[in-house]
Amino acid sequence: MAIKPEAQSKVSLERHGLTDEQLVAIFRTMLMQRTLENRGFQLNRQGKIPFASASEGHEAVQAGAAMAFERGKDILVPYYRDLGLALGIGLTPYEVLLSLFARAADHSAGRQFPHHYASRRLGLHTISSIIAAQLPHAVGAAFALHYRGEAGRTVLTTFGDGATSEGEWHESVNFAAVHKLPIVFLCENNEWAISTPLSKQMGQPDVVKRAEGYGLPGAAVDGMDPVACYAAVGAAMQRARSGRGPTLVEAKCYRFLSHTTDDDDRTYRSPDEVRARRKDDPVPCFERLLVEYAVLSAEQVEALKRGVLEETNDATDRAEAMAYPDAADLYEKVYAEGWEPWTL
Amino acid sequence: MAVVSSANSTVMNNVEAVRATLYEAMKNDERTVILGEDVGARGNVFLITKDFIGEFGERRVIDTPIAEASIVGIAVGMAMEGLRPIAEIQFADFIYPSFNQIVGEAAKIRYRSNGEYTCPLVIRTPYGGGVRGALSHSVSIEALFYHVPGLKIVAPSFPDDVKGLLNAAIDDPDPVLFLEHKKTYRLIKGEVPDGHYTIPLGKANVRKAGTQLTVVSYGLYLHWALEAAQRLQEENLSVEVIDLRSIRPMDKTAILNSVEKTRKLLIVHEDNKFGGIGAEISAMVAEEALFSLDSPIRRLCGPDVPSMGYALPLEEEFMSSPAEMADAMRAMVKF
Amino acid sequence: MATTDLRTGSLERHGLSDEQLRDMFRNMLLQRQLDNRGFQLNRQGKVPFALGSEGHEALQAGAAMAFNRGGDILAPYYRDLGLCLGIGLSPFEILLSIFARAEDHNGGRQFPNHYSSKAAGLMSFSSILAAHLPHAVGAAFAIQYRGETGRAVLATCGDGTTSEGEWHESMNFAAVHKLPFVMLVENNEWAISTPLEKQMAQPEIWKRAAGYGMPGRRFNGFDPIETYAAVKEAMDRARAGEGPTLVEGTCYRYLAHSTDDNDLTYRTREAVQERRKDDPVPAFEAVLLEHGIVTPQDVAAMRKDVLHETNEATDAAEALPYPEPTDLYKHVYEGAWEPWQS
């Protein structure tokens, strides 16, 4: 399925076994991701929160990949631009808003930056701001699954194109290949690492071409196409679950917004370039496709959008009303027990 | 000092103590895996894990690619998902590529997830000089890490402490950096109690009692300090020697009790003086017990150079000696 | 050895003269002689440590022949005795390093075989695997930055080092900036005790090149002429501003990792013996004899000469003094220094 607006009447909907209900669920995750993300930027502009980061353009790959994730079994080791993935595996908008507002009830109790979630319940590993630092952890988690013989479970770990330049990326992919671990490395290649374009990140533009050098299969997929992403990531995860080893999947997408609210992308790329890429925006593209194939009516789309906005508003109000952590919480959870560097 | 095995103890050196303790951990807990460079068929470059791979298999004794960042990082992920990994950095000098995973990740996992995820991990590494290890097989690294909350650091010097503290480190719910002075590996023998036991982290041990001077040390230098203190004993000068054993957390009570008694403090360590462990101890004693002191605190530590050189005179110049320590002790007692 | 066509008996010289072929062979003999000398001195209790490079002779002699003295820069690792000899280091300098004498390039600070020579374009390197590769890439950047066409950096490492993050980061940066950089991997199948199959899931390192967007090729590192041709092609490409190349030479580590290692704990004597049939030193000798480039008398004279030179260098270096204890405090920074300033 290539979803291009100018060619929409010619494309066909390849479902890869997804039901109408699943397609709608994917679309709703995409809508929710975009709405929540904009909410972060709005709250920042209103002066209510100091910081928010963005994932616009990643909705399709994340909603599609999340659909391939088996809740209660698989483990997700994401990075900080994975709002949609986290939502897709079960994180609630309220939990996202708690993170944005850094409230005491947040999973990290307000310690971490926004969008750095963690949920043991969901199998969602704690996220680091340090690029590629999560990848050895993901490999270690996959080793644990493999070691205990827990067939049918796999780790999905994600990163941007910039992370592929880190030594820890290389070491992680290599180790997973040597030990044939149940893990899928999903690169969300959005062409930008803050201000650094892909051409300054690597000597050739296809991350997937690295797979052969490590001795593992690689798969490239259109990251603007949620169903294709579901299929590619799903096949890789199924391969991992059945003990056939790791896969490197590269989804080509695009970062429509600045890196974060602290960044101004006009300093390094032209608004025209970004505008030109908007034609591939996966949210309206997928919407048109679902309507064209009568998976959704126009009215149902409107109802979905309304529902998502209401849920976001409700989550915003509830989270905002919650308390910050106590100052004394600074000293909590450094070690398992209360601690002092000096013992008495 | 002759040491003999008794009905309830076995004489071993520090290598054997590490080995026996790791063996017991592997035997007793299937969640325990060992990963590092050459830990498998070679059985570690000091033969600490010799024959482990035959008994426990490749899945539990993992010869990793040469990639230290991922040795620690993968162990972090294993720990987060319920295993009890023991990562080995072949020489402490090789730990720098994994600095991010130790300081930036392992030490923060619990904190940043508000306790939802934890990182019960042991990182073992041989450190220290006096073995003709040159610039890259000699360093002490403790000061680079003891600044880091979320991490624990242990540096035992005697085989019985090696066993008790390594068991405690393995049981510990948080990441522990376990430092083994390689010069003491075969040099130091002692009685090790049979059976399983632990020694709590953060507890020092008075290895020699005395009244006129407190000496605080750990590692190879602790043994040299004990030797020097013994010489002074023959001169009827009484020195108390404290084996720190744990560097983070560190035993305040043991140090203060001793200093209140002897009223003098000498800190001896092989690591560089500037910004070293002795600096923190000095500051603590100055804050808590300044008016108990009868003389300035003194530190006898490694010189401020990047490492010891390979040529013998360069190593000898870097390293202190029991004689130099005895001189320093004598001067302080007589101050 | 692919150098000779068994059917025609012809020798593919890749432009090398008889004299160059003999130079390469002499380098190989000298490398082996010096390597053995280090191990002997260790067994005699005269030096605490030595490293072996037996099996790497052909690869290193061939690669060194592709190095332009006075122009190129070498960023080697600690198993590159032959390469360092081949670019101009003397046996006396090697022995100074083994004995850790004051006159050694690094003043006796470093382990044996950790050479450096600014004059030879030989960058200082540590025992830490892959740590030198970012330096090599930085040096290549400096050459490119100053527009010094005709110069290139030759960096080497073993197969184990390719697993390090710094290897990856170096390769990637060199490719992004199309630097005059050649990554020569001396794949000897062993990283201390770790065999290649535990190092990587597929055994051909050159296949990683495509992922970085640079050319890659593999050659028989037991063949000095094939090595020369492969490394020269890559170096010429780099010198001409056409960017980096990954070249992988296959060889074998015949000795233990170092005098502190016992390789019988992880591989059998028979396995090593089996690989001895490919030993590049007698194999290349046979090729040169067959093609009349050397006579048996020439070979005997060369061996004698190499041994004599090694003995002389050993005696000369041993007679020299250690560094002074106070040398420990020199060259920490420029000039005199103290951490506390008054």
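## Reading contacts, chains and domains in a predicted model

User: What share of the contacts in chain C with a separation of 6 or more joins residues 24 or more positions apart?
Analyst: In this predicted model, 76% of the contacts in chain C with a separation of 6 or more are between residues 24 or more positions apart.

User: How many residues of chain C count as buried, as a percentage?
Analyst: Burial is counted residue by residue, from the number of other C-beta atoms within 10 Å. Of the 342 residues of chain C, 56% are buried.

User: Which radius of gyration would a compact globule with 342 residues have, and what does chain C have?
Analyst: A compact globule of that length would come near 20 Å, and chain C agrees because its radius of gyration is 20 Å. Along the principal axes, the C-alpha atoms of chain C fill a box of roughly 80 × 50 × 40 Å. The secondary structure of chain C amounts to 12 helices and seven strands.

User: How many residues does each chain bring to the contact of chain C with chain A?
Analyst: An interface can be read one side at a time. Chain C brings 20 residues and chain A brings 21 residues. On the side of chain C, α6 (165-176) and α8 (209-212) each give two or more residues. The largest share, seven residues, belongs to α6(C). By class, this side of chain C has seven nonpolar, seven polar and six charged residues.

User: And how many residues are in contact between chain A and chain B?
Analyst: Here 39 residues of chain A meet 43 residues of chain B. At least two residues each come from α5 (134-147), α6 (167-178) and β8 (342-343) of chain A. Nine residues, the largest share of that side, are from α5(A). The side of chain A that touches chain B holds 20 nonpolar, 13 polar and six charged residues.

User: Which strand of chain B is joined to β8(A), and do the two run parallel or antiparallel?
Analyst: Strand pairing can cross from chain to chain. Two bridges link β8(A) to β13 (residues 250-251) of chain B, and the strands run parallel. Within this pair, Trp342(A) has Met250(B) as its bridge partner.

User: Where do the domains of chain B lie?
Analyst: The domain assignment gives domain 1 (12-193) and domain 2 (205-333) of chain B. Their C-alpha centres are 26 Å apart. Between them, 25 residues of domain 1 of chain B are in contact with 26 residues of domain 2 of chain B. Elements giving two or more residues to the domain 1 side are α6 (142-145), β6 (152-154) and α7 (159-171) of chain B.

Key:
Residues numbered from 1 in each chain as written. Chains lettered and ligands numbered in written order. Predicted model: local features only at pLDDT ≥ 70, side-chain atom pairs only at ≥ 80, totals over all residues. Contact = placed C-beta atoms within 7 Å. Helix = DSSP H or I, 4+ residues; strand = E, 2+ residues; numbered from the N terminus. Nonpolar A, V, L, I, M, F, W, Y, C, P; charged D, E, K, R; others polar. Pairing = 2+ DSSP bridges. Rg over C-alpha atoms; globule rule 2.2 N^0.38 Å. Buried ≥ 20, exposed ≤ 12 C-beta atoms within 10 Å, placed from the backbone. Domains from an automatic or database assignment.
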